[in-house]
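Let's take a relaxed walk through this structure, beginning with what sits inside and ending with how two of its helices meet.

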Amino acid sequence: MQGDGAMAALGVAGVVLLLVHIAAQVVSVTRERGSAWNAGPRDEGSAPTGKFAGRADRALRNFQETFPAFVLLVALLMLRDRADGIGLLGGLIWLVARVVYLPLYLAGVPRLRTLVWLVSLAGLMLMAVRVVF
């Protein structure tokens, strides 16, 4: 129970980061396509055509690929009373790396972005190790 509060705060911060990704995607696509398109049914399903809107869309999808693993690991660490040590450190690493990742992706920075993504995966691995050991 020692690290439960900190781990819960990381989980909430992860949700806030998800909302930031969604906002970046919605705002950029709405600027590109207009508010009428955003308010409509979007039946045509067209992808964003602009660089920034496309990057925001891909960054959101990329975030959605690892966020479920993060949420699961946060829950498991708290349920197993292991929300401390390398588990907590891993969660912090994942969160910080994902915060850094978004502006790198939006700016189109290729290699550093990939390195930061790998750091975020290392954070998830630390969390997984703490769940098991």
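Before we start, one term: two residues are in contact, or touch, when they have heavy atoms within 4.5 Å of each other. Also keep in mind that this is a predicted model.

## A residue with plenty of neighbours

Take Phe70. Leaving aside residues up to four places away in sequence, Phe70 touches Leu10, Gly11, Gly14, Gly91, Trp94, Leu124 and Met127.

## Two nonpolar cores

Phe70 also belongs to the largest nonpolar core, which has 17 residues. Along with Met7, Trp94 and Met127, Phe70 is among those with the most contacts inside that core. At least two core residues come from each of α1 (4-33), α3 (51-79), α4 (85-107) and α5 (110-132). Which helix gives the most to this core? That's α3, with seven residues.

There's a second, separate core too, made of nine residues, including Ala59, Ala97, Tyr101 and Leu106.

## The helix α1

Now for α1, a helix of 30 residues. From its first C-alpha to its last, α1 reaches 43 Å, close to the 44 Å expected at 1.5 Å a residue. Just after α1 comes Gly34, with a positive phi of about 100 degrees.

## Where α3 meets α5

The axes of α3 and α5 lie 9 Å apart, and the two helices pack at an angle of about 25 degrees. Angles under 35 degrees count as roughly parallel, so α3 is roughly parallel to α5. Their crossing is left-handed.

Who makes the contact? On the α3 side, Phe70 turns up again, among others such as Asn62, Thr66 and Leu73. On the α5 side, the residues include Trp117, Leu121, Leu124 and Met127.

Methods:
Residues are numbered from 1 along each chain as its sequence is written. This is a predicted model: local features need pLDDT of at least 70, side-chain atom pairs count only at pLDDT 80 or more; totals for chains, interfaces and linings use all residues. Side-chain values use heavy atoms; hydrogens and water are left out. A nonpolar core is a set of buried Ala, Val, Leu, Ile, Met, Phe, Trp, Tyr and Cys residues joined through side-chain atoms within 4.5 Å. Buried means under 20% relative accessible area, exposed over 50%, partly exposed in between (1.4 Å probe, protein chains only). Helices (H or I, at least four residues) and strands (E, at least two) are DSSP runs, numbered from the N terminus. The expected span of a helix is 1.5 Å times one less than its number of residues. Axes are lines fitted to C-alpha atoms, for helices over the stretch in contact, and angles run from 0 to 180 degrees between N-to-C directions. Angles under 35 degrees count as roughly parallel, over 145 as roughly antiparallel, 65 to 115 as roughly perpendicular and the rest as oblique. A crossing is left-handed if the near helix is turned anticlockwise from the far one by less than a right angle, and right-handed if clockwise.
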